[in-house]
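Student: I should like to learn how to read the features of a protein model in an orderly way. Could we take one structure and work through it together?

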Amino acid sequence: MPLACPRRGFAVTKVDPFQPADYEVYDVADPSFDVVSKVDHQEVDNALNQAGKELSTRFDFRGTGAKIEWSGSDGVVLEAETEERVLAAVEVFKEKLIKRGISLKAFDAGEPAVSGKVYKVQGKIIEGIASDKAKQIAKFIRDEGPKGVQAQIQGDQLRVSGKKKDHLQEVISLLKNKDFEIALQFTNYR
C-alpha cells in the first residue's frame, strides 16, 4: 500500500519494514496564482453610507440637495443643485472609498450632467479584468517576466503559473510596479 507524501512529491511503497523503500515519483502541480480585479461590495456600501451621512450633516452641503445612492448593482449616482457641490460630493465619496481600503481605480466617475434643476454624476464600480486588459497583462508577463512563467486568461481573471515560486513573486512585483489603470489583486498563491 503506497503512502503519499505530497509535500515531497513522491509515494512510498513499503512491503517489509526491514527492506529499503521503493519510491514512485509523481508530478506535483506547478506553483501558481490568480490575478483578479475584485471589489468588496460591503465595503463600497459602507463607504456610500458614510458619504451619504457626511453629505447630509456637513455645513457646506446644507441646502444644496446633495445626495448619493446606488443605481443598480454596480452604479452610483451623486446629485446636487450646483456643479461645484456635486463634484465636491464625488470627492467625499472617493475619500470614504480610500478609508475603506478600496482603490480609486475601481471607481469610474462620469462628468456632471444637468438633469432638470440638479446636476448628476453617474459613477460605476469596476470589477473584473476586461479581455483587452487581460491580453495586455499576459503580454507584459510574457515579455518582462522570467522565463518559464505562463499567463492564461480565464474569464475575467488571469492564472499565472511557473516552475519556481521565486519567479511568481518576481511577476507579482513587476505587476505591482506597472500601472494597468485597474485595481489588481493576487489570490490563490500556491
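Tutor: We shall go from the whole chain to a sheet, then to the cores, and then to single residues. Please keep in mind that this is a predicted model.

Student: How many helices and strands does the chain have?

Tutor: There are 4 helices and 12 strands. Of the 190 residues in the chain, 37% are buried. The accessible surface comes to about 11900 Å², and carbon and sulfur atoms account for 49% of that surface. Among contacts with a separation of 6 or more, 54% are between residues 24 or more positions apart.

Student: How should a sheet be read, and what is the strand order in the open sheet of 4 strands?

Tutor: In general, the strands of a sheet pair through backbone hydrogen bonds, in either a parallel or an antiparallel manner. Here the order is β10-β11-β4-β12, and the pairing is antiparallel. The edges are formed by β10 (150–154) and β12 (185–187); each has a single partner strand, so one side of each lacks a neighbour in the sheet. On average, neighbouring strands are turned by 30° against each other, direction ignored.

Student: Which bridges join β4 to β11 and to β12?

Tutor: Strand β4 (residues 32–36) is joined to β11 (residues 157–161) by 4 bridges. Within that pairing, the bridge partner of phenylalanine 33 is valine 160, and valine 35 stands opposite leucine 158. On β12, 3 bridges join the strand to β4, again antiparallel, with valine 36 opposite glutamine 185.

Student: Is β4 enclosed or left open by the rest of the structure?

Tutor: Strand β4 is largely enclosed, because 5 of its 5 residues are buried. Ser32, Asp34 and Val36 point one way from β4, while Phe33 and Val35 point the other way.

Student: Which helix packs on this sheet?

Tutor: That is α4 (residues 165–177), which touches β4, β11 and β12. The direction of α4 makes about 15° with that of β4.

Student: How should a nonpolar core be read, and which residues have the most contacts inside the largest one?

Tutor: As a general idea, nonpolar side chains in soluble globular proteins tend to be buried together. The largest nonpolar core of this chain has 24 residues, and Ile68, Val76, Leu78 and Phe93 have the most contacts inside it. At least two residues each come from α1 (41–57), β6 (75–80), α2 and β9 (118–125). Helix α2 gives the most, with 7 residues. Apart from this core lies another, of 18 residues, among them Val35, Ala134, Ile172 and Leu184.

Student: What does leucine 78 contact beyond its neighbours within four places in sequence?

Tutor: The contacts of leucine 78 include Ile68, Val86, Val90, Phe93, Tyr119 and Val121.

Student: Is lysine 133 buried or exposed?

Tutor: Lysine 133, in helix α3 (residues 131–144), counts as buried because its relative accessibility is 17%, and the cut-off for buried is under 20%. The side chain of lysine 133 reaches the backbone oxygen of phenylalanine 180 at 3.0 Å. Leaving aside neighbours within four places in sequence, lysine 133 is in contact with Phe180, Glu181 and Ile182.

Student: For comparison, how accessible is glutamate 91?

Tutor: Glutamate 91 lies in helix α2 (residues 83–99) and is partly exposed, with a relative accessible area of 43%. The C-alpha atoms of glutamate 91 and alanine 51 are separated by 9.5 Å, although these residues are 40 residues apart along the chain.

How values were computed. Residues numbered from 1 in each chain as written. Predicted model: local features only at pLDDT ≥ 70, side-chain atom pairs only at ≥ 80, totals over all residues. Heavy atoms only, no water. Pairing = 2+ DSSP bridges. Axes fitted to C-alpha atoms, helices over the stretch in contact; angles between N-to-C directions. Contact = heavy atoms within 4.5 Å. Buried < 20%, exposed > 50% of the residue type's maximum accessible area, 1.4 Å probe, protein only. Polar contact = N/O pair within 3.5 Å; in protein donor to acceptor, adjacent residues only side chain to side chain. Areas by Shrake-Rupley, 256 points an atom, 1.4 Å probe, with all protein chains shown as cover. Core = buried A, V, L, I, M, F, W, Y, C linked by side-chain atoms within 4.5 Å.
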